[in-house]
Amino acid sequence: DAVHLGDSLYYCDLLIWTATTLGIDSLMFDKPQITVDFDGFQNKVYTKSVRRYHDEDHMKKMIAYGGIWIARNRDELIKAINTYLDNPKIHAKEREFMFKQQIMFKDGKSGERVAEFLKQNINSL
């Protein structure tokens with residue numbers, strides 16, 4: 001599953017998502033990303049809408065970085081898709097900042113760094 005996910009993100013031209021960590025995962029490959037901020041053809045109340053997810057603290061932070069295109073309706077979604085397909089480098093600097101804030105390393109050794117941190121702090125107790 002992890003290999004399939006990595007391949008899917010690597011080979012996609014852009015990512016469209018809502019309420020998932022795939023936006024962070026796609027930063028590994030500098031993929032343009034669009035988050036859907038509307039409920040398709042339905043008009044749901046806020047408490048049942050995808051809009052509520054974008055008001056969570058971690059999502060507000062991600063959105064504030066500016067590397068995510070927010071599609072608030074069908075027309076904005078189509079515009080975002082077409083724009084990113086024409087120029088996937090739009091928001092690249094913002095995605096790079098998001099990467100540094102959310103991931104930082106691409107070396108696959110985060111588990112080792114966490115273990116070393118824990119080891120050093122456990123020994124200091």
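The legends below describe close-up views of a predicted model.

**View 1. The whole chain has six helices and three strands.**
This is a predicted model. Its mean pLDDT is 90, and 100% of the residues score at least 70. The order of elements along the sequence is α-β-α-β-α-β-α-α-α. The C-alpha trace spans about 55 × 35 × 30 Å along its principal axes. Of the 125 residues, 28% are buried. Take the contacts between residues at least 6 apart in sequence: 50% of them join residues at least 24 apart. Confidence varies by element. Helix α4, residues 74-86, has the highest mean pLDDT, 98. Helix α3, residues 57-64, has the lowest, 83.

**View 2. Strand β2 pairs with both β1 and β3.**
β1 and β2 run parallel and are joined by three bridges. β2 and β3 are also parallel, with four bridges between them. Follow Ile34 across the strands. Its bridge partner on one strand is Ile16. In β3, Ile34 stands opposite Trp69. The connection from β2 through α3 to β3 forms a right-handed β-α-β unit.

**View 3. Strand β2 is covered on both faces.**
In a regular strand, side chains alternate between the two faces of the sheet. How are the residues of β2 divided between its two sides? Gln33 and Thr35 lie on one side, Ile34 and Val36 on the other. All four are buried.

**View 4. The largest nonpolar core holds eleven residues.**
Its members are Leu9, Leu15, Trp17, Leu27, Met59, Met62, Tyr65, Ile68, Ile70, Met98 and Phe99. Four elements give two or more residues each: β1 (15-17), α3, β3 (68-71) and α5 (92-102). Apart from this core lies another, of nine residues. Ile34, Trp69, Ala71 and Tyr84 are among them.

**View 5. Tyr65 touches a run of distant residues, including Phe97.**
Leaving out residues up to four places away in sequence, Tyr65 touches Glu94, Phe97, Met98, Gln101 and Gln102. Tyr65 and Met98 both belong to the largest nonpolar core. Phe97 sits in helix α5. Is Phe97 buried or partly exposed? Its relative accessibility is 40%, so Phe97 counts as partly exposed. The C-alpha atoms of Phe97 and Gly67 are 8.2 Å apart, with their positions 30 residues apart along the chain.

**View 6. Ser26 is a buried loop residue.**
Ser26 lies in the loop between α2 (22-25) and β2. Its relative accessible area is 0%. What does Ser26 contact, setting aside neighbours within four places in sequence? The contacts are Leu9, Leu15, Lys31 and Gln33. Leu9 and Leu15 are members of the largest nonpolar core. Gln33 is one of the buried residues of β2.

**View 7. Arg51 and Asp39 meet in a salt bridge.**
The model has six salt bridges. In this one, the N to O distance is 3.5 Å. Why does the pair tie together separate parts of the chain? Both residues lie in the loop between β2 and α3, but they are twelve residues apart in sequence, so the bridge links the two parts. Arg51 is partly exposed, at 29% relative accessibility. Asp39 is buried, at 12% relative accessible area.

**View 8. Lys100 and Glu96 form a salt bridge within helix α5.**
The closest N and O atoms are 3.4 Å apart. The two residues are four apart in the helix, so about one helical turn separates Lys100 from Glu96. Lys100 has a relative accessible area of 48% and is partly exposed. Glu96 is partly exposed as well, at 44%.

**View 9. Arg113 and Asp107 form a salt bridge.**
The N to O distance is 3.0 Å. Arg113 is partly exposed, with a relative accessible area of 30%. Asp107 is also partly exposed, at 40%. Elsewhere, salt bridges with shared partners join Asp30, Lys89 and Arg95 into one network.

How values were computed: Residues are numbered from 1 along each chain as its sequence is written. This is a predicted model: local features need pLDDT of at least 70, side-chain atom pairs count only at pLDDT 80 or more; totals for chains, interfaces and linings use all residues. Side-chain values use heavy atoms; hydrogens and water are left out. pLDDT is the predictor's confidence in each residue, from 0 to 100. A nonpolar core is a set of buried Ala, Val, Leu, Ile, Met, Phe, Trp, Tyr and Cys residues joined through side-chain atoms within 4.5 Å. Buried means under 20% relative accessible area, exposed over 50%, partly exposed in between (1.4 Å probe, protein chains only). Contact means heavy atoms within 4.5 Å. Two strands pair if DSSP finds at least two bridges between them. A crossover is right-handed if, with the strands pointing away from the viewer, the path from the first strand over the helix to the second runs clockwise. A salt bridge is a side-chain nitrogen of Lys or Arg within 4 Å of a carboxyl oxygen of Asp or Glu.
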